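Colleague: I should like to go through the terms used for this model and ask how each one is justified.

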Amino acid sequence: MGGGTMGLICFTPQNINEAIQYLHQYGDETTILAGGTDVLVRYYGRLDELGRIMNIYELDELKSIRIVDDEIEVGSLVTHTQLEESTIILNHAPLLAEAAAEVGSPQIRNRGTIGGNVANSSPAGDTLPPLIALDAKVKLLSLDRGERIIPVSEFFTGPGRNVAKEDELITGFVFPIPKENYRGSFVKLGYRKALAISTVNAAVMLALDGDVVEDCRIVLGAVAPTPVRVKLTEEILKGNPITDQILESAMNQLVQEISPISDLRGSSKYRLNMAKVLVVRAIHNIFKKGGRTQ
Ligand SMILES: Cc1cc2nc3c(=O)[nH]c(=O)nc-3n(C[C@H](O)[C@H](O)[C@H](O)COP(=O)(O)OP(=O)(O)OC[C@H]3O[C@@H](n4cnc5c(N)ncnc54)[C@H](O)[C@@H]3O)c2cc1C
């Protein structure tokens, strides 16, 4: 495990029950380790500062993507590569596959998990906007409170912060299978094609009746401390065909609903402009291809 591991206690649970029992006892001093692509990089050479690690990466129960009734369940240890290649995700939630395909590099995607991406709660996390656009819920499990199921849209409280408690394990995500007329697209702007954290990213879901927008969900990442669903912008699109005029008034509204910061990846003004470009691009993608499924 690299240097600086003297005094580090590492526990590997054999099943979910053992995992939540361990968190019940040591949650306040334990770091959960999934793929490790965030944790091991952040603590490289100083892992002993973590005190206790619980390595959940071997918990096969958390590695599947399944259809259960009219919902899709994604285990928290599902990797980005799995999302990218899953027929279920490609057929029903292609924007999530598109987002996973944009994460890091093949090595990072093979190792990094959706649960880790969400728990890490970076405003730039690529799977966050599509999960919110899909109306996904996150499943949390603890010994004391059993299962809590929370909309992903209510999970984040700030950069790196969320409502999960120290004794809770994210076991997975669940979202309704989008109806036939829903189409989705994810678009990301980074410094380069691979290995780039999003400067801005956007997930759009549109339900179309002919060329009229019956319903829509637009979620942006890296433009505020948490992912932002721009509901007033959505209202402008709903009930209308997508024309240049409608798009222009929607994009004028969009910039009122986000508050990007300036940092090394881009200024606030640049992000505001690119947020508009990305959302328009995602909408065009949907009309052009009908989403990734076609
Ligand atoms: C070179 C590089 C490039 C990257 N590029 C991108 C990118 O383009 N887009 C992007 O979004 N991210 C990117 N990342 C970040 C990272 O790869 C992702 O966030 C990844 O999904 C994290 O998953 P993991 O399983 O490796 O998490 P880990 O590092 O194991 O854990 C991350 C956090 O989540 C917690 N955690 C993990 N699983 C659970 C669980 N089941 N329950 C509760 N808490 C849990 C951990 O305690 C930790 O706080 C990149 C990272 C690197 C090193």
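**Ligand and cores**

Modeller: A polar side-chain atom of Lys188 lies 2.9 Å from an oxygen atom of the ligand. The model is predicted, so local features need pLDDT of at least 70 and side-chain atom pairs pLDDT 80 or more, while totals for chains, interfaces and linings use all residues. Residues are numbered from 1 along each chain as its sequence is written, and side-chain values use heavy atoms, without hydrogens and water.

Colleague: What makes the approach of Lys188 to an oxygen atom of the ligand a polar contact?

Modeller: A polar contact is a pair of N or O atoms within 3.5 Å; within protein, one must be able to donate a hydrogen and the other to accept it, and residues adjacent in sequence count only if both atoms are side-chain atoms. The 2.9 Å of Lys188 therefore qualifies. A polar side-chain atom of His80, 2.7 Å from a ligand oxygen, qualifies also.

Colleague: Why is the largest set of 35 residues called a nonpolar core?

Modeller: The term denotes buried (under 20% relative accessible area, 1.4 Å probe, protein chains only) Ala, Val, Leu, Ile, Met, Phe, Trp, Tyr and Cys residues joined through side-chain atoms within 4.5 Å. Val74, Leu83, Ile89, Leu96 and Phe175 touch the most other members.

Colleague: How do you know where this core lies with respect to domain 2 (60–176) and domain 3 (182–289)?

Modeller: Both domains, whose bounds come from an automatic or database domain assignment, give residues to this core, so it lies between them. A second, separate core of 29 residues includes Ala202 and Leu278.

How values were computed: Buried < 20%, exposed > 50% of the residue type's maximum accessible area, 1.4 Å probe, protein only.
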